[in-house]
Amino acid sequence: MTPVFAVSLDALTSADFWIGVGVLAGTYTIFTLGLQLNVGFTGIINFGQAGFMAIGAYSMGILVVRAGWSLWAALPAATAIAMAAGVLIGLPSLRLRADYFAIVTIAFAEIVRYVAQNARGLTGGNQGLLGFDDQWLDVSDTILGWLPASMQDQFLLPLLIVVWVTVAILTGLLMLLQRSPWGRVLRAIREDEDAARALGKNVLAYKLQSIALAAALGAIAGYFLALNLSFLSPESFEPQFTFIGFTILILGGLANYVGVALGSLIMWTLLEATRFIDLPLAAEKVAALRFVIVGVALILLVAFRPQGLLGKRQEMVLRD
Amino acid sequence: MYAGTRSRWLLAVGVSAVVLGVAGCGSDDDEGGGGGTATTGTGAAAEAPADTSFDQTIGVLLPLTGDLSPFGAPGRKAADLAVAQVEQATRAGGVETTVSTTSADTESSPQAAVQAARQLISGGATCLAGPWASSETLAVAESVASRQRTPIVSPSSTDAAITDLDDDGFVWRTAPSDNLQSRALADTVEQELGGTDFTISLAARNDAYGQGFIEKFREAWEAKGGRTTGPVLYDPEQPNYNSEAAEIVQGRPDAYVIIDFFETYGKMGASLVRTGEFDAGRLFTADGLASDRIPDTIPARALIGARGTRPGTPESGAVVEEFARIYREAGGAPRQTFDAQNFDATMLCYLAALAAGSTDGTDISEQLQAVSAPPGRKFTFMELADGIRMIAAGEEVDFDGVTGPIDFDANGDPTAATYEVYRYGPDGVLRVERQFEARAAE
């Protein structure tokens, strides 16, 4: 009757495992940094982050594969497209109250996914888009060449390094931005929009800037997702993606940029390490139980630390 | 504050108790299937040539959760059966190899499939049976198989795009391309209707399988001179399909071709029946809606009398019956479309390694075509011991699977496939009416 509960520790000490987790965690960190800026610091509920990610990744893919652009030119262009999409969706909908805005953004993300699924000439539809990463693979090989010989067979290592360097730079930039007068206005808007407006601040403009920056971060995360999979398909951009981002946000703590990285690492370690759970059960039951265990772990974390790992309680409770 | 902490503790204890309870109950009705990463080792025999002794780990990528989860458990069982067959045959065939499988859940998602594949490879697998969904296979092919030089043999990815993949010969599949099946279905519809001067209303679930298949069917049917309306592509996540159903039955078409899985067809079928004009006797479909009997989740009137094609098993029969027998006797998961394809995929991973005399991924890849296709002596898994002896002796062989001759071409597709034409009887039971072999066009 006693359940045999074993996790093979060998797997958890292998470099392969941590490199894989690291790439995913880094990608989701960048993705969630955008949510942190919107939700944690501006007080706007953005449920459409997966849509911005899709716009960024697909714009990059389409520019490289269909238009024959160089990857390095396509990256900034795709980021600009994602930011423009952010402004475009924000202009009519940011005037709405927070909850209505949330509904609009999730609808927007679904529209993007449906377009990706059906604009077959551009996106390849459900058959997906391939062949945009040749130039990245050359760079990846170059980076691999700089590393010691013992690491030569870890072909994901260059991606891991680039992802986390990007995470560090972006987190640093966002923290600087948050300390600037601009960042203080965002917080003021989060606490009391009317008060900020009364002080003569153009609230809509600030919110638009916040959403455009979040869209750019979503797009950057999209590039890393695309480079990791070498393949873009609409299935990779389901709304679930945004909700994993929100889970990371709550895990790490609202209004804390470092918490995002921590939350992301914990989330992906949980999700991937539970693959190694070995129970004397049929394989499909173990696979389902994996998600039960992750869910329970998340419930416990939230139950014991509702402000998240690094969040401050004062920042979470807006109006007592 | 204090009380709050205590109630959280109670919640924690309660939740953990539920989880342990689930795990505990589960272990009672377990049939000995392995866990997520369980390893099934097999014994070795003595007295073998030196170049045929190796320990091989075959990775099995399965959709144990998500949309394709009905295929997961039967697929896992089929892979284990293949290894059990190899185990017996190596003893009799006198080679000193050992084979084991490790499996991982692809969650029916490309990203999870890539993670699962990398995990299996880092766990020592050098040949992967799977993944199942075409989108998973495309992602794993590009970012894992060709870069980590590990062959993948998908049992069920029928997307035509996989044929032309620039994969350095690391991507194989035991399920025929939709190119083949859609033409086979068009031939079947022509025979069943007695001509092509008909208008067919087309519909499919909007994913790689449905969209790819229906487009190929439309091309094949129109090439025959037939007319089509649609295709109506519908999102599998929708709660109901009333407007799509109305569009499908509009204009009283002579027949319908609907490509779907059961999960969605429960809703689509109900909407079709509600239109009052739908006649399942004029419905043609494919492998996604084939099952021993119409599941309870499908309104019977949406499928009774429907005809369809599915990749079958050759008419010779004995191999198929033998597979059905060992599958039944092993207990556990019932038969499911593509289970035999996974059996063949796992088997081919081993046979190619044996022919290469190595478990290196590149070496296995180079042998996959040779062991599956002519020239060479034909054998099936029923003569596995003889086959293994011939391979060990360096002879050329041509393995015929449960699902047909396989005969991989240079793109890694089976060149020939057997299709069954089935029909759901008034009692909701699937009956196979005939079989035919389809060959890829040159």
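In this predicted model, helix H3 (residues 110-122) of chain B lies across strand S1 (55-62), S2 and strand S3 (127-129) of chain B, at about 170 degrees to S1(B). Helices (H or I, at least four residues) and strands (E, at least two) are DSSP runs numbered from the N terminus. Angles run from 0 to 180 degrees between N-to-C directions, with axes fitted as lines to C-alpha atoms, for helices over the stretch in contact.

The strands beneath this topic belong to an open sheet of 5 strands in chain B, ordered S2-S1-S3-S4-S5 with parallel pairing; two strands pair if DSSP finds at least two bridges between them. Because strand S2 (98-105) and strand S5 (171-173) of chain B each have a single partner strand, they stand at the edges, and one side of each is left without a neighbour in the sheet. Neighbouring strands of this sheet are turned against each other by 25 degrees on average, direction ignored. At the S5 edge, strand S4 (residues 152-154) of chain B pairs with S5(B) in the parallel sense over 3 bridges. Val153(B) has Trp172(B) in S5(B) as its bridge partner.

The domain assignment, automatic or from a database, divides chain B into domain 1 (50-175 + 338-411) and domain 2 (179-310 + 419-439). Their C-alpha centres lie 31 Å apart. Domain 1 of chain B gives 6 residues to the contact and domain 2 of chain B gives 7, where contact means C-beta atoms, placed from the backbone, within 7 Å.

Residues are numbered from 1 along each chain as its sequence is written, and chains are lettered from A and ligands numbered from 1 in the order in which they are written. In this predicted model, local features need pLDDT of at least 70 and side-chain atom pairs count only at pLDDT 80 or more, while totals for chains, interfaces and linings use all residues.

Methods:
Two residues are in contact if their C-beta atoms, placed from the backbone, lie within 7 Å.
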